[in-house]
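User: I am new to this structure and would like a close look at a single part, the nonpolar core, together with the elements that surround it. Please take me through it slowly.

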Amino acid sequence: MQIAKIILASHGTKGAIAAENHALDMANDYGASLHQLLVVPDFWKGMMGDDWLNNAVTQIRFGKYVENQLAAETAEEITRVEDMAKSRGIAYSHHITLGKPEECLIDACSSNSYDIAIIGSPRPKNVSGYRSRMKLDPLTRALNIRLLIIPYPKP
């Protein structure tokens, strides 16, 4: 199996970190480059708190606060993975986008020549936290490269 370019869909959850670790190991083993795709789910786009914010100025301030928080968290995730890749001598790049995770991964794979896409598996039902997940059916139907889904880590 020839692997020169890996795309990793990752956003810092436990499942995504398991995928990151596998992608870094695979990039190291094959001498491949690693491209991280970080998707900010599109539901954040309209997050204004309209139900409890009662004037436009407060809504705008809250919107800017949410945007700043997302930007800081996103930058932190990119830096974390980039540092791990660089410490192993792995060529690293990234792309941050807003949208539906599976659509963004499909678009990224169709416009670039990756050899494999790596993602984490969905969070188990008994584990708390937000479930920002890839819809696997449209992803597997449309993806034009190999897809590796890394199991969620055991507690």
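Analyst: The largest nonpolar core has 23 residues, and those with the most contacts inside it are Ile6, Leu34 and Ile118. A nonpolar core is here a set of buried Ala, Val, Leu, Ile, Met, Phe, Trp, Tyr and Cys residues joined through side-chain atoms within 4.5 Å, where buried means under 20% relative accessible area, exposed over 50% and partly exposed in between, with a 1.4 Å probe and protein chains only. At least two residues of this core come from each of β1, α1, β2, α2 (56–87) and β4, and α1 gives the most, with 6 residues. These names follow DSSP runs numbered from the N terminus, helices being H or I runs of at least four residues and strands E runs of at least two.

Two remarks on the source belong here. This is a predicted model, in which local features need pLDDT of at least 70 and side-chain atom pairs count only at pLDDT 80 or more, while totals for chains, interfaces and linings use all residues. Residues are numbered from 1 along each chain as its sequence is written, and side-chain values use heavy atoms, with hydrogens and water left out.

Ile6 shows how the core is joined: not counting residues up to four places away in sequence, Ile6 touches Ala23, Met26, Ala27, Ala32, Ser33, Leu34, His35, Tyr114, Ile116 and Ile118, a contact being heavy atoms within 4.5 Å. A second, separate core of 16 residues includes Ala9, Cys104, Ile106 and Ile145.

To place these residues, it helps to follow the chain as a whole. The chain has 4 helices and 5 strands, and along the sequence they follow the pattern β-α-β-α-β-α-β-α-β. Of its 155 residues, 36% count as buried. Among contacts between residues at least 6 apart in sequence, 78% join residues at least 24 apart.

The strands form an open sheet of 5, in the order β3-β2-β1-β4-β5 and with parallel pairing; two strands pair if DSSP finds at least two bridges between them. Because β3 (92–99) and β5 (146–150) each have a single partner strand, they stand at the edges, and one side of each is left without a neighbour in the sheet. Neighbouring strands are turned by 20° against each other on average, direction ignored. Strand β4 (residues 116–120) pairs with β5 in the parallel sense over 5 bridges, and Ile118 stands opposite Leu148 in β5.

Helix α1 packs on this sheet, touching β1 (5–9), β2 (33–41), β4 and β5, and its direction makes about 150° with that of β4. Such angles run from 0 to 180 degrees between N-to-C directions, with axes as lines fitted to C-alpha atoms, for helices over the stretch in contact. Helix α3 (residues 101–110) also packs on the sheet, touching β1, β2, β3 and β4, with its direction at about 145° to that of β2.

The 17 residues of α1 (residues 14–30) should span 24 Å at 1.5 Å a residue, and its end C-alpha atoms are 24 Å apart, which agrees; the expected span is 1.5 Å times one less than the number of residues. The buried residues of α1 are Gly15, Ala16, Ala18, Ala19, Glu20, Ala23, Leu24, Met26 and Ala27. Glu20 counts as buried because its relative accessibility is 0%. Leaving aside neighbours within four places in sequence, Glu20 is in contact with Leu8, Ser10, Gly12, Glu77, Arg80, Val81 and Met84. Just after α1, Gly31 takes a positive phi of about 70°.

At the β5 edge, Arg146 lies in the strand and counts as partly exposed because its relative accessibility is 36%. Arg146 and Ile118 are 28 residues apart in sequence and 8.6 Å apart in space, C-alpha to C-alpha. The side chain of Arg146 reaches the backbone oxygen of Gln2 at 3.4 Å and that of Asp115 at 3.4 Å.

Beyond β4, Ser121 lies in the loop that leads to α4 (136–142), and Ser121 is buried, with a relative accessible area of 19%. Not counting residues up to four places away in sequence, Ser121 touches Ile149, Ile150, Pro151 and Tyr152, and its side chain reaches the backbone nitrogen of Tyr152 at 2.8 Å.

Definitions and conventions
Polar contact = N/O pair within 3.5 Å; in protein donor to acceptor, adjacent residues only side chain to side chain.
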